[in-house]
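Student: I've got a model open and I'd like to learn how to read its features one by one. Can we start with the aromatic rings?

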Amino acid sequence: MPDATPRAAAPDDLIELGRITGAYGVKGWVKVQPHSAQADVLRRAKSWWLARPAPETARGVVASVPQACKVLQARPQGATVVAQLEGVVDRDQAEALRGCTVQVGRSLFPATADDEYYWVDLIGCAFYSDADGEPARIGVVDEVFDNGAHAILRVVLQRAPAPGGEPEPRVDAKGRPLELLVPFVRAHILAVDLDARRIDSNWPTEP
């Protein structure tokens, strides 16, 4: 793995934005599959933090410590991002990075315009709906993805908590979590308050 600044401590706000899927060409470029359609941060970042995840089947094994790597060039290539990293000069070295996560500090994300949001900031927000007349918390945003036309929120439904308690997931007859897919469009998203970690909508409350 490239080791441009091996002694630098990893920032506390690292966010995984994609994974290296292999080499691109023969001159050491790597190909990255972004986790969302918002790949601008990957292309603009001057350095990436690379880490090799632990095998899912391994027990007692932790992921490697993220290491900083300078990005010399990066550009879009279809749905992916291709990049030239410092210290990676041939295809074999690039292939050796296959599977590594690509992380960037949240503080380095460019500021968004009004009514624009990074998907990663929406994940974990409480989701409220006023479809029944009064705003009520119905769940939490677990994932954001793109359907080709706009972003979709996957909301895991929750039961209202007892006083002093925590929300509990709603499940179907087989014990599987219930969820809603909600278009992230102005017609149905009434307000987004990232400070309060809350999204208000008029989307129907039943899956």
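Tutor: Sure. Keep in mind that this is a predicted model. With ring centres required to lie within 6.5 Å, the count comes to two aromatic pairs.

Student: What describes such a pair in general, and what is the geometry of F109 and Y118?

Tutor: In general, you describe a pair of aromatic rings by the distance of the centres and the angle of the planes. Here, F109 and Y118 are 4.9 Å apart centre to centre with 70° between the planes, an edge-to-face pair.

Student: Is F109 buried or exposed? And Y118, buried or exposed?

Tutor: The cut-off for buried is under 20% relative accessible area. F109 has 8%, so F109 is buried. Y118 has 13%, so Y118 is buried too.

Student: Why do Y117 and F184 count as edge-to-face?

Tutor: Planes over 60 degrees apart get that label. The planes of Y117 and F184 are at 80°, so the pair is edge-to-face, with the ring centres 6.1 Å apart. This pair links distant parts of the chain, 67 residues apart: Y117 is in the loop between β6 (101-105) and α3 (119-122), and F184 is in the loop between β11 (179-183) and β12 (189-193).

Student: What sits over the ring of Y128?

Tutor: That's the charged end of R198, 3.6 Å from the centre of the Y128 ring.

Student: On to backbone angles. What is notable about the phi of D115?

Tutor: The general idea first: most residues other than glycine have a negative phi. D115 isn't a glycine, yet its phi is positive, about 65°. D115 belongs to the loop between β6 and α3, and D115 is exposed, with a relative accessible area of 52%. R197 is another non-glycine with a positive phi, about 55°. You'll find R197 in the loop between β12 and β13 (198-201), partly exposed at a relative accessible area of 32%.

Student: How do I read a nonpolar core, and which residues touch the most other members of the largest one?

Tutor: In soluble globular proteins, nonpolar side chains tend to be buried together. The largest nonpolar core here has 25 residues, and I20, V30, W48, L50, L85 and L97 touch the most other members. Elements giving two or more residues to this core include β1, β2 (29-34), α1 and β3 (47-51). The one that gives the most is β1, with four residues.

Student: What about pockets? What volume does the second largest pocket have?

Tutor: The second largest pocket comes to about 230 Å³. It has 16 lining residues, and L17, H35, S36, W119 and V120 are the closest to its centre. Two or more lining residues come from each of β1 (14-24), α1 (40-44), α3 and β8 (136-146). By class, that lining has eleven nonpolar, three polar and two charged residues.

Student: Last one: how should I read separation along the chain against distance in space?

Tutor: Put the two numbers side by side. D121 and V144 are 23 residues apart in sequence, and their C-alpha atoms are 9.9 Å apart in space. D121 is in helix α3 and is buried, with a relative accessible area of 14%. For E143 and L153, the chain separation is ten residues and the C-alpha separation is 6.1 Å. E143 is in strand β8, and at 33% relative accessibility E143 counts as partly exposed.

Note on methods:
Residues numbered from 1 in each chain as written. Heavy atoms only, no water. Phe/Tyr/Trp six-rings, centres within 6.5 Å; stacked < 30°, edge-to-face > 60°. Buried < 20%, exposed > 50% of the residue type's maximum accessible area, 1.4 Å probe, protein only. Lys NZ or Arg CZ within 6 Å of the ring centre and 35° of its normal. 1 Å grid on protein atoms, 1.4 Å probe; cavity = no way out; pocket = protein on both sides within 12 Å on 5 of 7 lines; lining within 4 Å. Points joined across faces, edges and corners; volume = space filled by probe spheres on them. Nonpolar A, V, L, I, M, F, W, Y, C, P; charged D, E, K, R; others polar. Core = buried A, V, L, I, M, F, W, Y, C linked by side-chain atoms within 4.5 Å.
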